[in-house]
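I am keeping these notes while I look through a structure that is new to me. Each entry says what I looked up and what I found.

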Amino acid sequence: MDEVRPSHIETRGDARDPDVPEAAGRAKAFVFVAAVVAALVLGALGSQVPDGIVVLGAVPFAFVLFVLVLLGVALFHGHTLQVALGGALVITVYTAVFARGSRGRPSRRTRVCGATCCTRASTRC
């Protein structure tokens with residue numbers, strides 16, 4: 001038996017333009033995997049600095065990871081929360097492992113001295 005829906009309620013089926021087909025799950029996964037591989041290659045070719053890895057001149061690798069999160073949310077919009085939480089976890093682990101300052105302390109950009117941020121190496125907290 002066919003279900004009758006009120007005409008004022010837009011559902012997932014009739015909210016999409018029938019002339020624009022949505023990419024299949026495999027195609028989305030392939031695009032995302034290709035982006036992850038490209039990001040890993042960028043990270044491997046990047047240079048290590050005290051504030052983390054820098055790629056393509058002066059772009060922090062954390063920005064590349066954030067772009068991957070945005071791409072994942074855009075491609076897998078049905079799983080936005082899982083993608084966003086996974087991305088936040090990856091960026092946090094990256095920051096904890098690679099973006100440490102000298103001697104295992106947080107980098108000088110992230111240390112806070114009272115109400116001001118320590119940005120110069122000579123400033124002591």
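Is Phe76 buried, partly exposed or exposed? I looked up its relative accessible area, which is 24%, and Phe76 is partly exposed. I note here that the model is predicted.

Entry on the chain. I went through the elements next and found four helices and five strands. Starting at the N terminus, I read their order as α-α-β-β-β-α-α-β-β. The chain has 125 residues, and 18% of them count as buried. I also looked up the accessible surface: the chain exposes about 9500 Å², with 66% of that supplied by carbon and sulfur atoms. For contacts with a separation of 6 or more, I found that 44% are between residues 24 or more positions apart.

Entry on aromatic rings. I counted three aromatic pairs. Phe32 and Phe76 make one of them, an edge-to-face pair with 5.8 Å from centre to centre and 80° between the planes. I then asked where the two residues sit. Phe32 belongs to helix α2 (residues 25-45), while Phe76 is in the loop between α3 (61-75) and α4 (80-98), so this pair ties together parts 44 residues apart in sequence. Phe32 has 22% relative accessibility, and I put it down as partly exposed because buried would require under 20%. I also found a cluster in which ring pairs link Phe61, Tyr94 and Phe98.

Entry on the core. Which residues make up the largest nonpolar core? I list eight: Ala39, Ile53, Val55, Phe61, Val64, Leu65, Leu68 and Tyr94. Both β2 (52-55) and α3 supply at least two residues of this core. The largest share is from α3, with four residues. In soluble globular proteins, nonpolar side chains tend to be buried together. From this core I picked Leu68 and looked up its contacts. Leaving out residues up to four places away in sequence, Leu68 touches Phe32, Ala35, Val36 and Ala39. Phe32 thus turns up again in my notes, as it also pairs with Phe76.

Entry on the surface. Which residues make a nonpolar surface patch of about 380 Å²? I found Val33, Val37, Val41 and Leu45. I checked one of them further: Val33 is placed in helix α2. Its relative accessible area is 48%, and I noted Val33 as partly exposed, because exposed would require over 50%.

Key
Residues are numbered from 1 along each chain as its sequence is written. This is a predicted model: local features need pLDDT of at least 70, side-chain atom pairs count only at pLDDT 80 or more; totals for chains, interfaces and linings use all residues. Side-chain values use heavy atoms; hydrogens and water are left out. Rings of Phe, Tyr and Trp (its six-membered ring) pair if their centres lie within 6.5 Å; planes under 30 degrees apart count as stacked, over 60 as edge-to-face and the rest as tilted. Buried means under 20% relative accessible area, exposed over 50%, partly exposed in between (1.4 Å probe, protein chains only). Contact means heavy atoms within 4.5 Å. Accessible areas come from the Shrake-Rupley method with a 1.4 Å probe; for residues, only the protein chains shown count as cover. Patches are made of residues with over 30% relative accessible area and no salt bridge: like charges are joined within 9 Å, nonpolar side chains (Val, Leu, Ile, Met, Phe, Trp, Tyr) within 5 Å. A salt bridge is a side-chain nitrogen of Lys or Arg within 4 Å of a carboxyl oxygen of Asp or Glu. A nonpolar core is a set of buried Ala, Val, Leu, Ile, Met, Phe, Trp, Tyr and Cys residues joined through side-chain atoms within 4.5 Å.
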